[in-house]
Amino acid sequence: MESGLSWAELAAIPETYATAWTCLFRNLEITLGQTLVIRGATSSFGQAAVNMSVNAGARVIGTTRSRDRFSILETLGAVRAEVEEPKLSKRIAEAGKIDAVLDLVGNSTILDSLDMLRRGGRACLAGWLGGLAPIADFNALLQMANGVYLTFFGSFVFGKPGFPLSDVPLQAIAAEIERGRYKAKPTRVFRFEEIQEAHRVMESNEAKGKLVVVL
């Protein structure tokens with residue numbers, strides 16, 4: 001890559017933007033004009049996904065646990081923010097008409113995400129903000145919505161033969177960040193001596209974006 005971004009700014013790109021790009025444009029096949037729900041949208045990964053999908057011309061609805069964070073999603077271009085809850089499909093006005101859901105909350109919400117989709121819609125499970133507990137007594141025949149697609153992506157596969165990082169347009173992503181179209185700057189940059197404070201900020205849910213530690 002060639003870029004005028006700082007090392008700290010470059011470090012914030014791969015785990016969020018490379019993963020978001022793969023989920024959005026490989027797994028979900030997002031196209032212009034589609035309606036996309038991103039659950040867990042104010043996480044650093046979620047913000048990257050909102051940013052990319054809005055710039056691709058999608059209509060994005062983002063969820064977050066706190067109304068105090070609605071402004072983050074509005075600034076990124078989401079058409080609306082919703083408070084995250086396990087049965088969101090029962091409340092969201094577009095239920096049954098959604099083209100795609102990127103679910104970063106995880107096993108506790110993925111079946112509800114499938115219930116939001118139109119026939120032929122796609123859901124991608126790519127995060128576990130709600131914990132790693134398994135889906136209770138999961139029976140695909142009885143619990144999955146009919147005629148929809150469920151996919152999964154984990155960034156740990158990058159670098160393996162089927163998922164070379166060279167497939168991701170990192171140079172183009174960096175260029176969009178330099179132009180200001182993608183808001184990828186880390187929210188905080190720490191020195192290595194401040195590593196304990198970095199962990200405290202992350203674990204107390206104060207980050208509101210990507211944290212970078214410079215060695």
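Good morning. Cys-124 has 0% relative accessibility and therefore counts as buried, a word used here for residues under 20% relative accessible area, with exposed meaning over 50% and partly exposed in between (1.4 Å probe, protein chains only). Before going further, please note that this is a predicted model, in which local features need pLDDT of at least 70, side-chain atom pairs count only at pLDDT 80 or more, and totals for chains, interfaces and linings use all residues. Residues are numbered from 1 along each chain as its sequence is written, and side-chain values use heavy atoms, with hydrogens and water left out.

Let us stay with the cysteines. Which cysteine sulfur is closest to that of Cys-23? It is the sulfur of Cys-124, at 3.9 Å, which is too far for a bond. Cys-23, at 0% relative accessibility, is likewise counted as buried. Across the whole structure, a search finds 0 disulfides, a disulfide being a pair of cysteine sulfur atoms within 2.5 Å.

Cys-23 brings us to helix 2, where it is one of the buried residues. Helices (H or I, at least four residues) and strands (E, at least two) are DSSP runs, numbered from the N terminus. Helix 2 spans residues 14–27, and 10 of its 14 residues are buried; among them are Tyr-17, Trp-21, Leu-24 and Asn-27. What covers these buried residues? The cover includes strand 1 (35–39), helix 3 (44–55), strand 4 (98–103), strand 5 (117–125), strand 6 (149–152) and helix 7 (170–179), where contact means heavy atoms within 4.5 Å. Just after helix 2, Glu-29 takes a positive phi of about 50 degrees.

I turn next to helix 7. Its buried residues are Leu-170, Ile-173, Ala-174, Glu-176 and Ile-177. They lie on the same side of helix 7, because they cover an arc of only 160 degrees around the axis, the arc being that of the directions from the helix axis to the C-beta atoms. In general, an α-helix has 3.6 residues a turn, so residues three or four places apart point the same way. Helix 2 and helix 3 are included in what covers the buried residues of helix 7. Just after this helix, Gly-180 has a positive phi of about 90 degrees.

Finally, the loop between strand 5 and helix 6 (140–143) holds Leu-132. Is Leu-132 buried or exposed? Leu-132 is exposed, because its relative accessible area is 66%.

Thank you.
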